[in-house]
Amino acid sequence: MKLLREAAGLAQAQLGERVGYGEAQIAAVEQGRRIPRPELVDAVDREVGGRGVVAMKGEVAKARYPSRTPPPPVPASGRG
């Protein structure tokens with residue numbers, strides 16, 4: 001998202017204003033501290049013309065709603 005925002009020549013505050021979110025929210029998403037809501041992904045996509053941002057929605061959904069399947073066990077090292 002940051003690369004698309006910068007390519008569009010927008011500061012975080014400008015993009016936030018255009019999509020109805022605060023600068024802090026934009027910064028948190030760009031820094032990986034917040035998972036963006038699908039509405040934010042769509043709004044940013046429209047503002048920056050970044051067709052690739054919408055493709056990110058699947059990854060956002062995975063991060064927001066991770067699989068409940070437990071990870072496979074880690075083999076014990078040093079045996080055998």
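What percentage of the contacts in the protein chain between residues at least 6 apart in sequence join residues at least 24 apart? The share is 41%, counting as a contact any pair with heavy atoms within 4.5 Å. The structure is a predicted model, in which local features need pLDDT of at least 70 and side-chain atom pairs count only at pLDDT 80 or more, whereas totals for chains, interfaces and linings use all residues. Residues are numbered from 1 along each chain as its sequence is written, and side-chain values use heavy atoms, with hydrogens and water left out.

**View 1. The whole protein chain, with 6 helices and 0 strands.** Read along the sequence, the elements follow the pattern α-α-α-α-α-α, where helices (H or I, at least four residues) and strands (E, at least two) are DSSP runs numbered from the N terminus. Of the 80 residues in the chain, 29% are buried; buried means under 20% relative accessible area, exposed means over 50%, and partly exposed lies in between (1.4 Å probe, protein chains only). The chain exposes about 5800 Å², of which carbon and sulfur atoms supply 52%, with areas taken from the Shrake-Rupley method with a 1.4 Å probe and, for residues, only the protein chains shown counting as cover.

**View 2. The packing of helix H2 (residues 12-19) against helix H3 (residues 23-30).** Two packed helices are described by the angle between their axes and the distance between the axes. Here the angle is about 110 degrees and the axes are 8 Å apart; the axes are lines fitted to C-alpha atoms, for helices over the stretch in contact, and angles run from 0 to 180 degrees between N-to-C directions. H2 and H3 are therefore roughly perpendicular to each other, a term that covers angles of 65 to 115 degrees, while those under 35 count as roughly parallel, those over 145 as roughly antiparallel and the rest as oblique. The crossing of H2 and H3 is right-handed, meaning that the near helix is turned clockwise from the far one by less than a right angle, with anticlockwise giving a left-handed crossing. From H2, the contact draws on Gln12, Ala13, Leu15, Gly16 and Val19, and from H3 on Glu23, Ile26, Ala27 and Glu30. By class, these are 5 nonpolar, 2 polar and 2 charged residues, where Ala, Val, Leu, Ile, Met, Phe, Trp, Tyr, Cys and Pro count as nonpolar, Asp, Glu, Lys and Arg as charged, and the others, Gly among them, as polar. Ala13, which lies in H2, is partly exposed at 36% relative accessibility, and its C-alpha atom is 7.9 Å from that of Ile26, 13 residues apart in sequence.

**View 3. The surroundings of helix H3.** Because 6 of the 8 residues of H3 are buried, the helix is largely enclosed by the rest of the structure. The buried residues are Gln25, Ile26, Ala27, Ala28, Val29 and Glu30, and what covers them includes H1, H2 and H4. Just after H3, Gly32 takes a positive phi of about 80 degrees.

**View 4. The crossing of helix H2 with helix H4.** The axes of H2 and H4 come within 10 Å and cross at roughly 110 degrees, and the two helices are therefore roughly perpendicular to each other. The crossing is right-handed. Leu15, Arg18 and Val19 in H2 meet Leu40, Ala43, Val44, Glu47 and Val48 in H4, and these residues divide into 6 nonpolar, no polar and 2 charged. Within H4, Leu40, Val41, Ala43, Val44, Asp45 and Val48 are buried. Arg46, also in H4 (residues 38-48), is by contrast exposed, with a relative accessible area of 61%; its C-alpha atom is separated by 9.0 Å from that of Val19, 27 residues apart along the chain. H4 is followed by Gly49, whose phi is positive, near 65 degrees.

**View 5. Arg5 and Val48, a pair 43 residues apart along the chain.** Arg5, found in helix H1 (residues 2-7), counts as buried at 6% relative accessibility, and Val48, in helix H4, is buried with a relative accessible area of 15%. The C-alpha atoms of the two residues are separated by 6.3 Å. Leaving aside residues up to four places away in sequence, Arg5 touches Leu10, Ala11, Gln12, Leu15, Glu30 and Val48, whereas Val48, under that restriction, touches Leu4, Arg5, Ala8, Leu10 and Leu15.
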